[in-house]
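Subject: The structure you asked about

Hi,

Here is the structure, with my notes on it underneath. Have a look at it first and then read on.

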Amino acid sequence: MTRGDLWVTTLGTLEYREAYAVQERVRDLRQADAIPDTLLLVEHPPVYTRGRRTGPRELPMGADWYRAQGIDVVDADRGGKVTYHGPGQLVGYPIMRTGDVVGFVRTMEEALVAALADEGIEARTRPDDGRDYTGVWAGERKIASIGIHVSRGVTTHGFAVNVQNDLQPFEWVVPCGLEGVRMTSVLRETARTGDVMPCFRKRAAFRFAEAHGLRQRLVSAARLLDIERAGHREQRDPVAAVGRL
């Protein structure tokens with residue numbers, strides 16, 4: 001471990017609750033200074049997550065209706081309101097030390113704007129419009145959502161960028177608590193076809209590290225497990241699932 005590193009670990013596709021359990025374990029390691037700042041990259045099966053400020057009107061059909069459509073509904077301890085995650089969306093969970101939550105979020109936004117610019121998308125942030133407009137926008141359409149939680153100076157949760165995911169599930173809720181907001185994606189904005197996720201994932205990780213003034217270092221999920229085992233921590237099933245990726 002070198003000072004100034006950002007460890008980047010790709011977890012593949014992982015159920016939301018399992019991914020959160022992984023975040024907690026990695027957060028414990030970061031709080032103990034057993035690892036440097038770390039960025040977990042993942043995709044989720046379809047799920048709506050409700051942040052701490054979510055109101056009942058934001059899921060107007062009711063949780064049972066959404067589950068009948070094959071979309072899970074999960075409460076999260078992050079900031080923000082309801083959002084959707086699904087295959088083809090890049091989700092990033094930075095497990096990082098910070099003493100400036102607002103500055104941390106703004107830096108994350110800047111990193112995503114830069115990564116989208118690499119794709120030829122002119123994106124922007126809207127800090128003057130209020131906290132409900134946190135995230136990244138392409139024109140009037142939202143392309144990336146952000147919500148974090150901080151415990152003992154270390155972050156969990158993070159960002160979600162629509163890359164090549166189905167946007168229909170956003171139409172069934174009030175995304176981010178904003179009536180009438182329309183979502184967009186990398187594919188929709190560029191009119192590309194095919195699998196652009198591998199390239200965008202690399203660009204997002206590079207721009208994220210760059211924005212935070214850190215050097216990217218790719219680290220496997222197994223390596224994180226090895227560190228935890230070396231610390232003689234108790235093993236639990238959700239993290240064992242990551243070890244099988």
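Which residue lies over the face of Trp 137? Arg 126 does, at 4.5 Å from the ring centre. Before I go further, please keep in mind that this is a predicted model.

**Aromatic rings**

Searching the whole structure turns up 7 aromatic pairs. One of them joins Trp 65 to Tyr 66, edge-to-face, with 5.2 Å centre to centre and 90 degrees between the planes. These two neighbours sit in rather unlike surroundings: Tyr 66 counts as buried because its relative accessibility is 0%, while Trp 65, at 32%, counts as partly exposed.

Another pair is made by Tyr 84 and Phe 170, and it is edge-to-face too, at 5.4 Å centre to centre and 80 degrees between the planes. This one links distant parts of the chain, since Tyr 84 belongs to strand E5 (residues 83-85) and Phe 170 to helix H4 (residues 168-171), 86 residues apart. Are Tyr 84 and Phe 170 buried or exposed? Both are buried.

If you colour the rings, pick out Tyr 48, Trp 65, Tyr 66, Tyr 84, Phe 170 and Trp 172 together. Ring pairs link these six residues into a cluster, so the two pairs above belong to one group, with Trp 65 at 32% relative accessibility as a partly exposed member.

**Salt bridges**

On to the charged residues. Side chains of opposite charge can pair when their charged atoms come close. How many salt bridges does a search of the whole structure find? It finds 19, and I will go through three of them here.

Start with Arg 215 and Asp 5, whose side chains meet at 3.0 Å, N to O. Here again the pair links distant parts of the chain: Arg 215 is in strand E10 (residues 215-218), Asp 5 is in strand E1 (residues 5-13), and they are 210 residues apart. Arg 215 has a relative accessible area of 45%, so it is partly exposed. Asp 5 has a relative accessible area of 5%, so that end of the bridge is buried.

Next come Glu 15 and Arg 17, which meet in a salt bridge of 2.9 Å, N to O. Glu 15 is partly exposed, with a relative accessible area of 26%, and Arg 17 is partly exposed as well, at 42%. There is a bit more to this pair, as Glu 15 and Arg 17 are linked with Arg 67 and Asp 72 in a network of salt bridges.

The third is Glu 140 with Arg 124, where the closest N and O atoms are 3.0 Å apart. Glu 140 lies in the loop between strand E7 (136-138) and strand E8 (141-151), and Arg 124 in the loop between helix H3 (101-118) and E7, so the bridge ties together parts that are 16 residues apart in sequence. Glu 140 is exposed, with a relative accessible area of 53%, whereas Arg 124 is partly exposed at 32%.

**Backbone at His 157 and Ala 191**

Two residues here are worth clicking on for their phi angles. Phi of His 157 is near 60 degrees, a positive value in a residue other than glycine, and the same description fits Ala 191. Where is each one? His 157 is in strand E9 (residues 154-162), and Ala 191 is in the loop between helix H5 (186-190) and helix H6 (197-211). Their surroundings contrast: His 157 counts as buried because its relative accessibility is 2%, and Ala 191 counts as exposed because its value is 66%.

**Ala 209**

Last stop is helix H6, where you will find Ala 209. What does Ala 209 touch, not counting residues up to four places away in sequence? The answer is Leu 6, Leu 214 and Gln 216. With a relative accessibility of 2%, Ala 209 counts as buried. Val 154 is not among those contacts: the C-alpha atoms of Ala 209 and Val 154, 55 residues apart along the chain, are separated by 17 Å.

That is everything from me for now.

Cheers

Terms used: Residues are numbered from 1 along each chain as its sequence is written. This is a predicted model: local features need pLDDT of at least 70, side-chain atom pairs count only at pLDDT 80 or more; totals for chains, interfaces and linings use all residues. Side-chain values use heavy atoms; hydrogens and water are left out. Rings of Phe, Tyr and Trp (its six-membered ring) pair if their centres lie within 6.5 Å; planes under 30 degrees apart count as stacked, over 60 as edge-to-face and the rest as tilted. Buried means under 20% relative accessible area, exposed over 50%, partly exposed in between (1.4 Å probe, protein chains only). Helices (H or I, at least four residues) and strands (E, at least two) are DSSP runs, numbered from the N terminus. A charge sits over a ring if NZ of Lys or CZ of Arg is within 6 Å of the ring centre and within 35 degrees of the ring normal. Contact means heavy atoms within 4.5 Å. A salt bridge is a side-chain nitrogen of Lys or Arg within 4 Å of a carboxyl oxygen of Asp or Glu.
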